[in-house]
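Please walk through this structure with the account below, which takes up paired strands, the surroundings of the ligand and some local backbone features in turn.

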Amino acid sequence: MDQFGTLDNLLQEERVFRPLPQLVIEANVNPQELEAHRRMAGHDPLGYWEEAADELDWFKKWDQVLDDSDAPFYKWFPGSRCNIVYNCLDRHIETYNKNKLALIWEGEPGDSRKYTYFELYREVNRVANALRSLGIGKGDRIVIYMPPLPETVISMLAAAKIGAIHSVVFAGFSAKALRQRINDAQAKLVVTADGFYRNGQIMPLKETVDEALVGACADCVDSMIVVRRCKVGVDMTDGRDFWYEDLIRNERNISPTEVMDADDPLFLMYTSGTTGQPKGIVHSHAGYMVGVHRTLNHVFDIKPTDIFWCTADPGWVTGHSAVVYGPLMAGTTTLMYEGHPNYPQADRLWNIVAKYGVTIFYTAPTMIRMLMRFGIQYTRQHDLSSLRLLGSVGEPISPEAWIWLYKNIGRNECPVLDTWWQTETGMFMISPLPISLLKPGSVTKTLPGVEADIVDRDGNPVPAGKGGLLVLKRPWPAMMTGMWNDPDRYREYWEKIPGMYFAGDVARKDEDGYFWIQGRADDVLNIAGHRIGTAEMEAAFGAHRAVHECGVIGVPDTIKGEAAKAFIVVRPEVEPDDELIKDLKRHIRNELGPVAVIKSIEFRDNLPKTRSGKIMRRVLKAEELGHEIGDLTGLEDED
Ligand code: 6R9
């Protein structure tokens, strides 16, 4: 067993942690209120969500809370008119929040910028005007290929304000992956930066966009906005590329907030599925805003004095719900850091916590494992006493990592809120509140208004303690409203187990009704909390001249949680050697970007296949990990 523990001790974990009395007294939602919420959501779920919707501002209220006449294409709050940006900015400008800090940003070199709600509002208005001047309007798609910069948040909000649909693409993706997303979304505009700082180096970015736009592909893009971050030289194409600062220099501070229908898309977020083509998950204004607002407020118990730091990159859904939209709707101060946690040394995150007095720190197990590796001496160099809540998301957290965080960062006082949710769910689904009794490694119980269960392949509930498929049994407001260009793929989520939403995860429920997530059931890897499909990786390998056939599986990795191992059959004329391994790794980095971490490559003469010719990753995985291989009937060559 490694120092971070394994799934086996997760299954045996029996420790429980109670919240300190002071925390319960001060909580926005106390235990009696939580019970009342659960009771209400139990017998009148739509009434529960309607009450949640009433906490936000609308241009026109709904005719109905939920229209399920065309299930699984559920429509939340039909007939209503709203704009999430109104709730993130406009409404705070009319209250005492106007002069409160909305955003604190720190760059890797140590530079920092702060925006009050009013300042952020003003900047978003100017960019909204600039977008309109470039011919962008309601329903147009904008790809935002940016590192964590204030302008990333500003561009997202400006797009949403004018009714455009943003799709943020993680700056770690390759030109090819970017092109694929631009094409699928048929984006008219790309926002990017000249480069960004990472681990003491300048990483160029604009040139990757140029590469993505080369040739006949991506000719939907008319213009590009470039933020000057590192002052590195870039080639600007006349008539297409504009410096951000030039565009907004003369823009006015007011730009009308577009009135949106409930179902008008707010953003697309591409995520990996089981085929080579990433899925464009669609989230829309009304439902997303209600679900995220209610769950973020409840789980993180937002107080006027909080400084909320979610370490996720804006390129992931966590960055959308927990860095931008959720915190801003809540009127809290959200913090963003541009760079590497190890720069200039391993205490950087704690330095930031102490410097700004961070009260809520929400991160991912892969980050926690990295911090554990750095050692606790770094945590002791800074005053972390401002922290009151900790959070985890992205993959199962081992009890060891949970306890490390609780003890060394949370002084044995701050609850660790392990939130289970997905790009598709938009909002937290299964999660404790600060008042909950915690078991390290468990995401505890469903939030009020959410119904989940563990079932077998036919949809029958499995007994407590047994593993099975994690399903959601009722629609929820922040659910994706569709799949871009692909309604059939959306429908699949509801058809694998009829009448239920199957999330793709395996989990179990214990005798107390606590959920324990075990991992993905499908061919999707979770590398450092990022989803990447084995099919996507196999397709990328397949594009290399030396590769005849390839099978990719996930193998355990102490820091990243999981990493990829590739089994490769080379073309007859190729002689596999170390040079080829290096070249293949380089190739994957070019094709998919650094997110696709290859742990090892093994050359084989052939791969196990089904009679229909599908590579059996299950067999490769069992061999690799020394497990029982299981049923092999249907295998092409049972030897
Ligand atoms: C928010 C986000 C979703 C997948 C999900 C599951 C895993 C997320 C988790 C967790 C265990 C948690 N996951 N939260 N596993 N405990 N608290 O991560 O979205 O990128 O779409 O990934 O991540 O496997 O299905 P996304």
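**Strands, ligand and backbone**

In strand β22, Leu470 is the bridge partner of Ile454. This pair can serve as the point of entry to a predicted model, in which β21 and β22 (residues 467–472) are joined by four bridges and run antiparallel. The two strands belong to an open sheet of four strands, whose order is β21-β22-β24-β25 and whose pairing is antiparallel. Because β21 (452–455) and β25 stand at the edges of this sheet, each with a single partner strand, one side of each is left without a neighbour in the sheet. Neighbouring strands here are turned against each other by 45° on average, if direction is ignored. As a general point for reading such a sheet, the side chains of a regular strand alternate between the two faces.

The edge strand β25 also leads to the ligand, since β25 (515–520) and the helix α12 (317–330) each supply at least two residues of the shell around the ligand. Where does the ligand lie with respect to domain 1 (7–418) and domain 2 (452–520)? Both domains give residues to the shell, so the ligand lies between them. The shell comprises 18 residues, of which Asp418, Thr419, Thr423, Arg520 and Arg531 come nearest to the ligand. Sorted by class, the residues of the shell are seven nonpolar, six polar and five charged.

Several individual atom pairs add detail to this picture. A polar side-chain atom of Gln422 lies 2.9 Å from an oxygen atom of the ligand, whereas Gly394 and Glu395 approach through the backbone: a backbone N or O atom of Gly394 lies 3.1 Å from a nitrogen atom of the ligand, and a backbone N or O atom of Glu395 lies 3.4 Å from a nitrogen atom of the ligand. The ligand taken alone exposes 530 Å², and the protein buries 96% of that area.

A second open sheet, of three strands, has the order β28-β29-β30, and its pairing is mixed. In this sheet β28 (547–557) and β30 (598–603) stand at the edges with a single partner strand each, so that one side of each is left without a neighbour in the sheet. From one strand to the next, the twist averages 25°. The parallel pairing can be followed between β29 (residues 561–570) and β30, which are joined by five bridges, and in which Ala564 has Ile598 of β30 as its bridge partner.

A further strand pair is formed by β9 (residues 195–198) and β10 (residues 201–204), which run antiparallel and are joined by four bridges. Within this pair, Phe196 has Met203 in β10 as its bridge partner. How many residues stand between β9 and β10 in their hairpin? There are two residues between the strands, and Asn199 in the turn has a positive phi of about 55°.

Other backbone features are found in loops. Phe77 has a positive phi of about 55° although Phe77 is not a glycine, and this residue lies in the loop between β2 and β3 (81–82). The loop between β1 (66–67) and β2 (75–76) holds Pro72, and the peptide bond that leads from Ala71 to Pro72 is cis, with omega near 5°. A cis peptide bond also joins Tyr343 and Pro344, where omega is about -10°; Pro344 is placed in the loop between β17 (333–337) and α13 (348–356).

Key. Residues are numbered from 1 along each chain as its sequence is written. This is a predicted model: local features need pLDDT of at least 70, side-chain atom pairs count only at pLDDT 80 or more; totals for chains, interfaces and linings use all residues. Side-chain values use heavy atoms; hydrogens and water are left out. A residue is near a molecule or strand if one of its heavy atoms lies within 4 Å of it. A polar contact is a pair of N or O atoms within 3.5 Å; within protein, one must be able to donate a hydrogen and the other to accept it, and residues adjacent in sequence count only if both atoms are side-chain atoms. Accessible areas come from the Shrake-Rupley method with a 1.4 Å probe; for residues, only the protein chains shown count as cover. Ala, Val, Leu, Ile, Met, Phe, Trp, Tyr, Cys and Pro count as nonpolar, Asp, Glu, Lys and Arg as charged, and the others, Gly among them, as polar. Domain bounds come from an automatic or database domain assignment. Two strands pair if DSSP finds at least two bridges between them. Axes are lines fitted to C-alpha atoms, for helices over the stretch in contact, and angles run from 0 to 180 degrees between N-to-C directions.
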